[in-house]
Amino acid sequence: MHTQVIDQGELHNDGGVISAKAFAGFQGLIYKTAGISMSEAKKSLVSGRLAKRLRALNFKSYDEYLEYITKGEGAGNGELQIFIDLLTTNETYFFREPQHFDFLKKEILARHEPGKLLRIWSAASSSGEEAYTLAIILSETLGINANWEIVGTDISTEMIKAARQGIYNEHRVRLVEKDMRHKYMLRGTGDYHGFVAIAPEIKKHVTFEHYNLVESPPRKEIFDVIFCRNVLIYFSQETKIRVLERLCKHLKTGSYLMTGHSESLHGMLPQLLAVKPSVYLKKDLHGKMTL
Ligand SMILES: C[S@@+](CC[C@H](N)C(=O)[O-])C[C@H]1O[C@@H](n2cnc3c(N)ncnc32)[C@H](O)[C@@H]1O
């Protein structure tokens, strides 16, 4: 592969290698702003994801780009948000990790008092698939006109835009049963062939907002269930505990927090009792469970 060697590290023709100094700068910046820990092993991922942006802004090295977002013009013009958007991993799809949805139906919704508001937080909602999956399930169990709402939040503004739009390709909806698709999704035609759009009756129960789990101010709502899946894995142990403490403040006692299947919180927060793999019950401060 042809490479061009420059002062502060090599820049491959695909955006390639970052100097040690620039990588350390990006590592520090993404940790400070999003709580995301990136090891040396993520070097090529970071260079690959930032390469196009460097080209778009006409920078010849990652060091120049780092300088731009930390000290230059980019520090105050929204470039930091673009940097965060580029470095977050947003992989998701409808009905991902379905055991959580079975638990929701059998253990939570089955005991829910009819008529009472039920509010669920999809706390790293990415492009919205998890939040709309929850909406489909609540619509099927409690009813489309019942008193429930879903709040989806994410640090990526691009993902929030996509979530609000609610248009998905076939691959993202592959696990949605046919009759659910017919009921809650509209099939695209023409330019939108191969895509589906979430039906307005579902959308009206779901809101999306930019929110940083590490440092946004506390929210106003208290939730009946929180889904915080496949994001804790990107945080250091210290950040995980901080985020869990923040989430717990927004969760009713006797309510549940769901994490991703590969994210064990073993012993991290005394208030959270593991009731199943990746399902945690919030106890009160005296360890009592008020179900
Ligand atoms: C892999 S997706 C998970 C999506 C969904 N919860 C799921 O399990 O399919 C992780 C999401 O976490 C978001 N994220 C990363 N750091 C965050 C932070 N500090 N605050 C809020 N969201 C964050 C990313 O933008 C990304 O959309």
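A residue is taken as buried if 20 or more other C-beta atoms lie within 10 Å of its own, as exposed if 12 or fewer do, and as partly exposed in between. By this criterion, 31% of the 291 residues of the protein count as buried. The model is predicted. Its secondary structure consists of 10 helices and 12 strands.

The overall dimensions were examined next. The C-alpha trace spans about 65 × 55 × 30 Å along the principal axes of the protein. The radius of gyration is 21 Å, which agrees with the value near 19 Å that a compact globule of 291 residues would have. Of the contacts between residues at least 6 apart in sequence, 70% join residues at least 24 apart.

The domain assignment divides the protein into domain 1 (3-87) and domain 2 (99-282). The centres of domain 1 and domain 2, taken over C-alpha atoms, are separated by 31 Å. To the contact between them, domain 1 supplies 7 residues and domain 2 supplies 11 residues. On the side of domain 1 that touches domain 2, helix 4 (residues 79-87) provides the largest share, with 3 residues. This side of domain 1 comprises 3 nonpolar, 3 polar and 1 charged residues.

The ligand is surrounded by 24 residues, of which the closest are Thr88, Thr92, Ala124, Ser126 and Arg229. The shell around the ligand is made up of 9 nonpolar, 10 polar and 5 charged residues. Both assigned domains take part in the shell around the ligand: at least three residues come from domain 1 (3-87), and at least three from domain 2 (99-282).

Within domain 2 (99-282), strand 3 (residues 118-122) and strand 4 run parallel and are joined by 5 bridges. One pairing between these strands links arginine 119 to glutamate 149, its bridge partner in strand 4. Strand 4 (residues 148-154) is mostly covered, with 6 of its 7 residues buried. In a regular strand, side chains alternate between the two faces of the sheet.

Leucine 138 lies in helix 6 (residues 129-141). This leucine is classed as buried because 24 other C-beta atoms lie within 10 Å, where the cut-off for a buried residue is 20 or more. When neighbours within four places in sequence are left aside, leucine 138 is in contact with Leu118 and Trp148. Of these partners, Leu118 falls in strand 3 (residues 118-122), and Trp148 falls in strand 4 (residues 148-154). In contrast to these contacts, the C-alpha atoms of leucine 138 and isoleucine 18 are separated by 47 Å, the two residues being 120 apart along the chain.

Glutamine 271 occupies the loop between strand 10 (251-259) and strand 11 (272-276). Its environment contains 18 other C-beta atoms within 10 Å, so glutamine 271 is partly exposed. Not counting residues up to four places away in sequence, glutamine 271 touches Cys248, Lys282 and Lys283. The C-alpha atoms of glutamine 271 and leucine 244 are 9.9 Å apart in space, and the two residues are 27 apart in sequence.

Definitions and conventions: Residues numbered from 1 in each chain as written. Predicted model: local features only at pLDDT ≥ 70, side-chain atom pairs only at ≥ 80, totals over all residues. Helix = DSSP H or I, 4+ residues; strand = E, 2+ residues; numbered from the N terminus. Rg over C-alpha atoms; globule rule 2.2 N^0.38 Å. Contact = placed C-beta atoms within 7 Å. Near = placed C-beta within 6 Å. Nonpolar A, V, L, I, M, F, W, Y, C, P; charged D, E, K, R; others polar. Domains from an automatic or database assignment. Pairing = 2+ DSSP bridges.
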